[in-house]
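Student: Could you walk me through this structure? I'd like to know what we can say about the contacts between its residues.

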Amino acid sequence: MRADFTYLPVLTGGCGATATLSWRNLDSGASGTFPPVSLGDDTPFGPTDALWVPETLPTGPGRVQVTIDTNFPHIAGGGTFYSPE
């Protein structure tokens, strides 16, 4: 995961969000959710330049759907990929 968003000026200080990654194997039905991860670069506003946060999903083989949600109002992101293992 990597924070790739732009913040508007706010009074709270640095930019950041807490992200939650959920996944579901569409072929086997297995699913899971990772604990929340803090993303941000502590700048007061503007585009983020946060580091990548590596995650390993124990999905098993098959088509996997992922959803990334944060603790702020937005449209959740996501995608689908094929896992060979």
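Tutor: Let me begin with a term: a polar contact is a pair of N or O atoms within 3.5 Å, and within protein one atom must be able to donate a hydrogen and the other to accept it, while residues adjacent in sequence count only if both atoms are side-chain atoms. With that rule, the side chain of Asn25 reaches the backbone oxygen of Gly60 at 3.5 Å. Please keep in mind that this is a predicted model, in which local features need pLDDT of at least 70 and side-chain atom pairs count only at pLDDT 80 or more, whereas totals for chains, interfaces and linings use all residues. Residues are numbered from 1 along each chain as its sequence is written, and side-chain values use heavy atoms, with hydrogens and water left out.

Student: OK, and is Asn25 buried or exposed?

Tutor: Asn25 is buried, because its relative accessible area is 0%, where buried means under 20% relative accessible area, exposed over 50%, and partly exposed in between, with a 1.4 Å probe and protein chains only. The residue belongs to strand E2; strands (E, at least two residues) and helices (H or I, at least four) are DSSP runs numbered from the N terminus.

Student: What does Asn25 touch, then?

Tutor: Not counting residues up to four places away in sequence, Asn25 touches Ala30, Thr59, Gly60, Pro61, Gly62, Arg63 and Val64, a contact being heavy atoms within 4.5 Å.

Student: Gly60 again. Which other side chain has a polar atom by its backbone oxygen?

Tutor: That is Ser83, whose side chain has a polar atom 3.4 Å from the backbone oxygen of Gly60. The side chain of Ser83 also makes a polar contact of 3.4 Å with the side chain of Thr59. Ser83 is in strand E7 and counts as buried because its relative accessibility is 10%. Leaving aside neighbours within four places in sequence, Ser83 is in contact with Thr59, Gly60, Pro61, Gly62 and Val64.

Student: And what is the bridge partner of Ser83?

Tutor: Ser83 in E7 is partnered with Gly62. E6 and E7 run antiparallel and are joined by 7 bridges, two strands being paired if DSSP finds at least two bridges between them. Together E6 and E7 form a hairpin, with 6 residues between them.

Student: Let's zoom out. How many helices and strands are there?

Tutor: The chain has 0 helices and 7 strands, so that its order along the sequence reads β-β-β-β-β-β-β. Of the 85 residues in the chain, 25% are buried. Among contacts with a separation of 6 or more, 57% are between residues 24 or more positions apart.

Student: Which residues make up the largest nonpolar core?

Tutor: It has 5 residues, namely Leu21, Trp23, Phe34, Val64 and Val66. Strand E2 (16-25) and strand E6 (62-70) each supply at least two residues of this core. For reference, a nonpolar core is a set of buried Ala, Val, Leu, Ile, Met, Phe, Trp, Tyr and Cys residues joined through side-chain atoms within 4.5 Å.

Student: Switching to charges: how many salt bridges are counted?

Tutor: The count comes to 1 salt bridge, defined as a side-chain nitrogen of Lys or Arg within 4 Å of a carboxyl oxygen of Asp or Glu. Asp27 forms a salt bridge with Arg63, and the closest N and O atoms are 2.9 Å apart. Asp27 lies in the loop between E2 and strand E3 (31-33) and Arg63 in strand E6, so the pair ties together parts that are 36 residues apart in sequence. Asp27 counts as partly exposed at 46% relative accessibility, and Arg63 is partly exposed with a relative accessible area of 41%.

Student: One last spot: where is Ala76 found?

Tutor: Ala76 is found in the loop between E6 and strand E7 (77-83), and it counts as partly exposed because its relative accessibility is 39%. Leaving aside neighbours within four places in sequence, Ala76 is in contact with Thr67, Ile68 and Asp69. Asp69 is itself in strand E6 and is partly exposed, with a relative accessible area of 37%. Beyond neighbours within four places in sequence, Asp69 is in contact with Thr18, Ala19, Thr20, His74 and Ala76.
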